[in-house]
Every structure is written in structure tokens, then in C-alpha cells.
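Below is a set of questions and answers on a single model. Look at the structure first, then read on.

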Amino acid sequence: MVMRDESVEARVGSGGFGLDRRVAARDCDCSRLPATLNVVFPDGHPDLGLVLGKSWLARRMAEGVRRAQASANVRAEGK
Amino acid sequence: MNDAVVVAGDRGGNVCSLTALEQGRLVRAREISCWELLQAHLQHIDEIESSLHTFVAVFAEEAGLRARRLDRESRRDGFRGPLHGVPYALKDLIGRREHSQSTKAAPAADVTRKLNRAGLVLLGKTATYELGMGPPAESDPVPPAQNPWSLQHIPGGSSSGSASAVAAHLCPVALGTDTGGSVRHPAAYCGVVGFKPSFGRISLEGVAVLSPSLDHVGILARSVDDVALTYECTTSSRLRSRVAPLSSAPNPGSRPLEGVSVGVPWDFIGRGSPADDTLATFRQALRILADLGAAISDTQLPIERHEDVLSVILLSEAAARHAEAYAVNPEWYGLSFRARLAPGFLFSAVDYLQAQIARRMIRSLVDELVRRHDVLVLPTMPTSAPSWAKFREMGWDLTPPPFTSIFSLTGHPALSVPVALSTEGLPLALQLVARRGGDDAVLAVGRAFEAAAGFRGFRGWPEAQAGGWTAAPAGTG
């Protein structure tokens, strides 16, 4: 999935819940959705807002991993 | 509620409120038969199960046959052990042979076979969220378990049925699974003891695994001794307590923790934003440990965002595990479960491997702390159980609990022991953590603490409870 406008991420930045689905549908390019996601949602049709929110959530978690590594590194260097 | 279940040999007491060890003693003294003990629990389940939704299945007939068999066997060959004839329950992710609702299909688990061999009687399967990934949702095949302390407050999860059943005296011991805190979390909210052993100590064979590198089988009971005895049955090895043998009680006024070093990671605790009454109770617990002779000292665990590390690993592994079945039979899965799992399909291999690197770094830091201290202590949860209403306001938050998830990530043994009640009258708990493989140490310290803290478990049914769980709107979570 490609997010065309980073500001969309800010607009759905509530953790993936309570999304503005109209905005998400307009700004999200679904042509590159992972195939497995097509069966995650009812009848194989992705809920675009939910997918966009989950994508944001996944990216936020991956960023959190970097933060965790950095915090552990600071500790290691401080020993 | 009529909380008193009187059976022949019970001498007028409530046998269901006894610990597993005490129940086993009655059986071995032939003051109660296995069958009578089982019937007492079945009667109690009949009385209150409809309010608590703890069980998804109760095997009354099968358990009755087994209890009769164990009674005959004890007359002929003696008793199998201290828990001969004691009823127990399994979280509905742990196999016992037949089809089950949450797991789709469940062969007998290794741990089930071991408990059966030790003479325990399987009473039933307890409620959980779909495949153990909470919170509860409208599409779940069974309603969520309730917290016996208050139907207005959540029981925690995902081993919520096991914790609720043990707290409400529907069984003295139950098994759960713990991926980010799913044994200790409901144990803390329901005021029972919850134990997550070192990673790999209890086999996952026959368990519906969500995340193979994070899942642990854990034990819930109303005393540390019960947890320890059950744990021995599952591992086939005797625990070697460094503080006191499990068969003896600490003497009043004694200092059984003399020489035991206890570390308190205040920086880490602060980042979890504990409530005021949680902190007050935690300080009370530290005073108890000090009175028992433990040397308390501050230590540091400056880890940030470990919850994300756990989430990336958990969701990636769960997505990998279920991807094929999704593609072939998506209707097997509830809509909320699919939505919860969706981020797992969006992580890259790099994300997953980076998370594993972060995990090793965090584990090394915790290893270093438990080399310097015999145990680490921290609150099990930042607050007591939130209300169902507040839980919904929070947006069915899926972030793993901070104080439990870090030790699921690192694989260290962790024990949750209830301490006292919050200002709302709900349980608050202490978590003890030891080096990997130091399961006996954490149980021994927990046992001494439990005896001194003197927490009184759930005793009665709150009156006129209403307004508990109602289904969440579809698509949340």
C-alpha cells in the first residue's frame, strides 16, 4: 500500500480506530495491497479506512522497535 | 448467592473455597472422595456460571467417570500425588482431544496429559478471546468471562475465564497461556496468583499457538503453593526452593528472605504511569518484603517502547501462522480477529528481524539486572481492573500491558501475587521476576511474600451486579 499524502497519516493517527473512511478511500492506493489482506476483511473486500489505519499502526510499531533499540543501546553504552 | 457447597465428608465447610493443596489433603485423608469433590464444584458452577461465563464447556459426565476411577484406584493402589482428585480447568486454547470453539480443533496437549497423569480431574474449558488475542468482540463465539469481584469491571485477559473461575472458587487451579501477560494480567485483576514460567519450561505441544517465540503456558491458582505443585506436575521435576521447602509454612515473625536481594526498577515503573493506589500498594509490598529480611535496592531498566517490539513479533508470527488458513477458509476467523491481526501482514522481514534484535538487547539488560538481584519486583498492572465502560472509552486498547509484556518478550519467569484491594475494592498485585530458569526462586520468594501479605481472596458474591459486558460495535479493534 502506498500512502500518497503523509497528512493522511496524521488524520488517521488515533491508533487505527475511528477513522475517517472517506478520506482514507480517496487518498489510499490499494493496487499494491498484500494479497492476504484481501481475505482479512469481509468477502475479500478490504475496508480501506481500516487498512490504512492498520498500516499506520504497523509503521508506528516498527518505529517503536527502533526506539527500543536506541534505549537499550544508551544503556549498554552507559555501563 | 449460596456460596456454601456442603457434601458428605465436607464437615460443613465450603470445600470449593479450599486451595488445591487443602482439597488434595482431604482426599488423601479420605474425608472426601474425588467424586464428591467434583460434585461440589459442579454444583457451584451450576449456581453462578450463568453470571460469570467462565466456562465454554463443562465435562460433568466425563469428569465424573474419571473421579470414580480415581477413587477406585486410590483404594486399590494408593494416591498418585498431592493433587489426586483435584479438579482443574484448561483455557480453551489448550487441547484435550475433541473439537473446541476457540481453537477450531484441539488434540490433547502435553501439559494436559501430565496433569491427568498426576491425578487431577479435568472439569472444563474456560473462556478466552478468539485465539487468545483480545480484547473481547461481538464476533467472538462465546461471551467474555466476567470478573467475580465486580461485573462492572473487566477480568483482564486473555486467560480471563481461567482467572475468573479460580477467583470464584469454580476450580482451584486452571491453566492459561501468556503471550504478553495473558496469565498475570487477569490474575492481577481477579485477585489470584498467576505464574508464567521461564520460556519453554511447559511444553506448547497441543496448544493453539499464537506466537511460537512468545507463547508460554501458565498457571492460575489461589495460592503460590498450588501454583508450585501444579508446575511440578507439568514439568516432572521437583522444585528446589532456596528459601523454604514448599511443604512447610514460614514461621510468624521469621525472616525467610534474609539475604535475598530485591531490585526495584523505578524508572521503568514510572514509564508505565501507575495509579496512586497502585503505587501505595506497591510501597506496602516493599515494606513487607523488607520486614521478611529482603534487601531492597533501586535499579534501572531504561527500556522504551518494548510493547512495540512484542507487537511486531507477535503479529508477524501470528500472521505467518494463519496466512494459509486465511486464504483458504477466511470464514473460520471472526471479523475482529482479522482486523486485529491485519498489521501482521504489513510488516516487512526487516521489521521482524529488527524486532528480534531489539528483543535480544532487552533480554540482555534484564539478564544483567537479575544477575545483580535475586528478584525484581514491580506492580503487575498499572491500575486495578478498569470498568467495561472505561475500557470501551479507551478504544479497546490493544497495547500489551507494559509491566507484564516485557518478561513475555524476554522469557524470564514472572509471578503475580495479590497484595491488597484498591480504593474501589478491586485487587492489586505484585509481580516478581527472577533469572531465566530461576522459577523455583521466584516461587519461593512469592510464597514467603504471600504468607506475610495475607491477602484475602474473593469470599462472596457482590450483590445486584448489573451492567457488565455488552458487545462492542463491529469493526473495532
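Q: Is W388(B) buried or exposed, and at what relative accessibility?
A: This is a predicted model, where local features need pLDDT of at least 70, side-chain atom pairs count only at pLDDT 80 or more, and totals for chains, interfaces and linings use all residues. Residues are numbered from 1 along each chain as its sequence is written, chains are lettered from A and ligands numbered from 1 in the order written, and side-chain values use heavy atoms, without hydrogens and water. Buried means under 20% relative accessible area, exposed over 50%, and partly exposed in between, with a 1.4 Å probe and protein chains only. W388(B) is therefore buried, at 2%.

Q: Which residue forms an aromatic pair with W388(B)?
A: Rings of Phe, Tyr and Trp (its six-membered ring) pair if their centres lie within 6.5 Å; planes under 30 degrees apart count as stacked, over 60 as edge-to-face and the rest as tilted. Here the centres are 6.5 Å apart and the planes meet at 75°, which is edge-to-face. The partner is buried too, with a relative accessible area of 11%. It is F391(B).

Q: Why are W388(B) and F391(B) separated by about one helical turn, and in which helix?
A: Helices (H or I, at least four residues) and strands (E, at least two) are DSSP runs, numbered from the N terminus. The two residues are about one turn apart because they sit three residues apart in one helix of chain B, residues 388–393. That helix is α13.

Q: How many residues apart are W149(B) and F458(B), which form an aromatic pair?
A: The pair is edge-to-face, at 5.6 Å centre to centre and 65° between the planes. W149(B) counts as buried at 14% relative accessibility, and F458(B) is buried at 7%. W149(B) lies in the loop between β3 (121–126) and α5 (160–167) of chain B, while F458(B) lies in the segment after α15 (439–453). They are 309 residues apart.

Q: Which residues do ring pairs link into a cluster?
A: Over all chains, the count comes to six aromatic pairs. The cluster contains W149(B), F455(B) and F458(B).

Q: Which residue lies over the face of F59(B)?
A: A charge sits over a ring if NZ of Lys or CZ of Arg is within 6 Å of the ring centre and within 35 degrees of the ring normal. R68(B) lies over W35(B) in this way, at 4.1 Å from the ring centre. Over F59(B), at 3.2 Å from the ring centre, lies R96(B).

Q: Where is the cis peptide bond that has an omega of about 10°?
A: Most peptide bonds are trans. One residue of this cis bond, S158(B), lies in the loop between β3 and α5 of chain B. The bond joins G157(B) and S158(B).

Q: What is the phi of L131(B)?
A: Most residues other than glycine have a negative phi. L131(B) is not a glycine, yet its phi is positive. It lies in the loop between β3 and α5 of chain B and is buried at 8% relative accessibility. Its phi is about 55°.

Q: Where is confidence highest in chain A?
A: pLDDT is the predictor's confidence in each residue, from 0 to 100. Chain A averages 57, and 27% of its residues score at least 70. Confidence is lowest in helix α1 (residues 6–11), at a mean of 37. It is highest, at 78, in helix α3 (residues 48–78) of chain A.
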